[in-house]
Amino acid sequence: MKYDIKNLTLDEKIQLLTGKNYWQTNDANGKLPSIWLADGPLGLRMANPDGTTKQSTAMPSSVVIANSWNTENARLQGETIADECIQEGADVLLAPGVNMKRTPLCGRNFEYYSEDPILAGYMAKAFIEGVQSKGIGTSLKHFYANNREYDRFVQSSDLDERTAYEIYLPAFEIAVQAQPWTVMCAYNPINGVWASENKQALTDILCGEFGFTGLVMSDWEAVRSGWRAAKAGLDLRMPFNPNEYGEVKTAYEKGWITEEEIDICVQRLLDLIEKTENDKKIITTTKEQRHQNAVKIAEDGIVLLKNEGILPLTEGDLLVCGPFAKAPAFGGGSARAQSDYIPKHLAVELVSASDGKIKADEQCGYFAFRSATSCDFMTDGFTVARKKDAVVLCLGTGFPIEGEHGDRTSIRLTELQEDIILGMAKYNENIVVVLESGSAVDVSPWIDKVKAVVWAGFPGEGGQEAIARVLTGKVCPSGKTSETFPIRLEDTPTGETRGNGFYESYNEGVFMGYRWYDKMQKQVAFPFGFGLSYASFEYSDLKIEKKGELDYEVSYLIKNTSAVDGAEVSQVYVGDIFCRVPRPEKELKGWAKTYLKAGESKRVCIKLNERAFAFYSTALKKWHVESGEFIIQVGASSREIRLSQSIELCLPYDEQYSTLSREIYE
Ligand code: BGC
């Protein structure tokens with residue numbers, strides 16, 4: 001071991017429990033290197049010595065990656081950002097964020113992956129593998145139950161044990177399989193105890209049950225009491241806190257914390273420092289390649305929500321306008337990378353992607369609507385629209401509507417944007433909406449007035465190129481929603497409520513996201529897992545083979561029945577037909593994204609194991625499978641089940657609790 005804890009004095013060890021400054025760890029009076037921490041999941045956000053932010057590639061937001069349902073994109077995103085970390089000297093990237101999208105209002109949803117824990121977990125795992133394969137560490141965040149920005153420093157997330165295990169913890173559990181070098185705790189208390197001081201969360205669950213072996217750091221300013229946090233399993237308080245030394249020293253003198261407990265934290269920091277000194281840090285991409293990676297990921301994650309025969313756009317004279325025609329939308333906060341890439345107007349990209357067959361005057365784009373909240377020359381825009389073959393309207397949210405430190409108050413577009421769509425539709429019946437938002441939007445006021453909608457999330461600096469290639473058919477859209485689009489905010493489990501400032505009760509329990517809409521039998525605008533394509537796919541020949549007591553292999557054929565090459569995201573859901581605890585009607589247990597040439601067929605194979613059938617039993621304090629009938633459903637979305645079959649699970653009699661009033665021995 002290069003850095004031996006024995007060489008450090010108690011005072012130096014206490015100093016190591018907080019940073020040296022805002023972004024670096026302490027150096028124990030020069031005995032250790034200070035390592036650099038930097039945000040974030042959508043591109044490197046690292047401070048220059050003068051406090052400004054370094055330039056980096058603005059990658060697509062996590063919502064786009066999840067919408068691609070392709071873990072290779074998460075891996076590529078990780079590798080790409082890692083190259084910039086190597087270039088700039090960042091040792092640990094403060095990403096990925098894997099919190100559940102419990103409400104579409106959450107201001108940071110664009111940084112998170114999904115309302116489904118498994119989809120989010122596997123995306124995060126691949127991202128971590130991508131970054132760490134290049135010798136750069138990650139920080140899986142924010143552990144846990146950090147699901148909105150409102151009063152995020154204070155409000156407790158109050159949730160029952162089963163809900164925690166089934167919905168809010170599994171994404172972390174899956175991602176921890178990749179052994180991120182660090183985990184970042186959340187700001188919020190969990191059931192009244194700060195996440196930073198929550199021993200049950202940080203030590204018992206994260207390290208004990210999930211097997212995490214790295215360092216736990218705080219979110220920035222999330223620690224209230226340094227010694228309590230250290231005792232609970234929080235190794236590093238960030239950023240530098242001037243009170244930390246005094247607090248911990250006093251607690252030590254009073255016998256509230258022992259040197260052994262301090263040593264546990266310090267040893268984890270020493271281990272982390274050693275990990276950062278490796279020979280894997282080799283940059284393998286150029287700036288241009290990183291930009292191309294951003295475009296590629298965005299292309300794969302764009303979701304076609306509606307298409308009444310107007311897309312792909314292959315020719316014609318278009319008006320391309322709206323606040324995000326000139327440059328894509330970005331969310332705000334710590335995940336905002338500063339890119340020096342200057343995007344071309346979407347009109348220009350459409351002309352180029354169509355090899356000049358589309359005519360789209362760049363000027364038209366500029367003069368219509370300059371921002372999400374102010375509108376110039378609206379009337380002129382309408383007049384031009386009358387003369388065009390179609391109108392591409394680039395609308396959505398972006399910062400300040402979506403960003404860290406605040407939640408949306410509505411999931412509708414601004415009144416002005418809705419007016420633009422409705423007004424424009426009176427002058428031109430061929431409206432294509434490009435929607436840029438980090439989470440679901442209420443499309444009900446205008447969806448019937450437009451011919452097509454694509455959801456591009458926050459697509460990153462390559463957004464205009466990616467969108468143009470999808471709209472023109474150069475790329476066949478293959479994204480699917482990683483969250484439900486409810487019809488109205490009132491339909492969501494939380495509606496407009498947001499807690500009382502002290503606590504928020506997760507009353508819907510395990511019925512979050514599509515699990516909620518299924519239980520309430522609610523119509524939705526676009527279900528979880530939904531996305532159209534220019535190709536069409538047929539599902540057939542479902543086979544379910546038993547491979548072990550609770551191991552099954554589900555396989556089926558997917559055929560591209562169209563003349564267009566494309567990709568289909570097929571999803572496997574499992575439902576417990578009868579259980580003595582309430583369970584969701586169906587839950588995602590596996591998926592595949594299958595790229596198919598026109599006319600091509602492939603057999604998809606998804607493996608199911610014990611966890612696919614289990615619920616978390618609070619009575620038994622473990623995952624438990626009840627014998628009985630389960631339904632396996634293969635869907636093109638959570639509401640479009642193409643194939644299904646029931647299986648009967650007969651588990652050993654002595655592993656089940658009794659189901660009858662009198663035991664029957666056969
Ligand atoms: C955010 C973290 C981020 C940190 C450092 C906090 O406010 O919640 O996600 O990594 O700041 O910028």
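**Exercise 1. Locate W69 and describe its backbone.**

Solution. W69 is found in the loop between α2 (62-68) and α3. In this predicted model, phi of W69 is near 50°, which is a positive value in a residue other than glycine.

**Exercise 2. Identify which residues are joined by cis peptide bonds around strand β3, and place them.**

Solution. Step one concerns K141 and H142: a cis peptide bond joins them, with omega about -5°. H142 lies in strand β3, which spans residues 137-143. Step two concerns F143 and Y144, which are also joined by a cis peptide bond; here omega is about -15°. Y144 is found in the loop between β3 and β4 (156-158).

**Exercise 3. Characterise the surroundings of the ligand.**

Solution. Begin with the shell: the ligand is surrounded by 14 residues, of which D39, R108, H142, D219 and E404 are the closest. Next, sort the shell by class: 7 residues are charged, 5 are nonpolar and 2 are polar.

Then examine individual distances between polar side-chain atoms and oxygen atoms of the ligand. For E404 the distance is 2.8 Å, for K141 it is 2.9 Å, and for R45 it is 3.3 Å. A polar contact is defined as a pair of N or O atoms within 3.5 Å. Finally, consider burial: the ligand taken alone exposes 310 Å², and the protein buries 95% of that.

K141 thus appears in two settings: a polar side-chain atom of K141 lies 2.9 Å from a ligand oxygen atom, and a cis peptide bond joins K141 to H142.

**Exercise 4. Describe the largest pocket by volume, lining and contributing elements.**

Solution. The volume of the largest pocket is about 690 Å³. Its lining comprises 30 residues, and those closest to the centre of the pocket are I118, Y122, I174, K589 and W591. The elements giving two or more residues to this lining are the helices and strands α3 (71-88), α4 (117-132), α6 (170-176), β21 (587-596), β22 (601-608) and α18 (610-613). By class, the lining of the largest pocket has 13 nonpolar, 12 charged and 5 polar residues.

**Exercise 5. Classify the aromatic pair formed by W23 and W220, and state which parts of the chain it links.**

Solution. The structure holds 22 aromatic pairs. For W23 and W220, the ring centres are 5.6 Å apart and the planes meet at 40°. Planes under 30 degrees apart count as stacked and those over 60 as edge-to-face, with the rest being tilted; the pair of W23 and W220 is therefore tilted. The pair links distant parts of the chain, its residues being 197 residues apart. W23 is in the loop between α1 (10-15) and β1 (37-38), whereas W220 is in the loop between β8 (215-217) and α8 (226-232).

Terms used:
Residues numbered from 1 in each chain as written. Predicted model: local features only at pLDDT ≥ 70, side-chain atom pairs only at ≥ 80, totals over all residues. Heavy atoms only, no water. Near = heavy atom within 4 Å. Polar contact = N/O pair within 3.5 Å; in protein donor to acceptor, adjacent residues only side chain to side chain. Areas by Shrake-Rupley, 256 points an atom, 1.4 Å probe, with all protein chains shown as cover. Nonpolar A, V, L, I, M, F, W, Y, C, P; charged D, E, K, R; others polar. 1 Å grid on protein atoms, 1.4 Å probe; cavity = no way out; pocket = protein on both sides within 12 Å on 5 of 7 lines; lining within 4 Å. Points joined across faces, edges and corners; volume = space filled by probe spheres on them. Helix = DSSP H or I, 4+ residues; strand = E, 2+ residues; numbered from the N terminus. Phe/Tyr/Trp six-rings, centres within 6.5 Å; stacked < 30°, edge-to-face > 60°.
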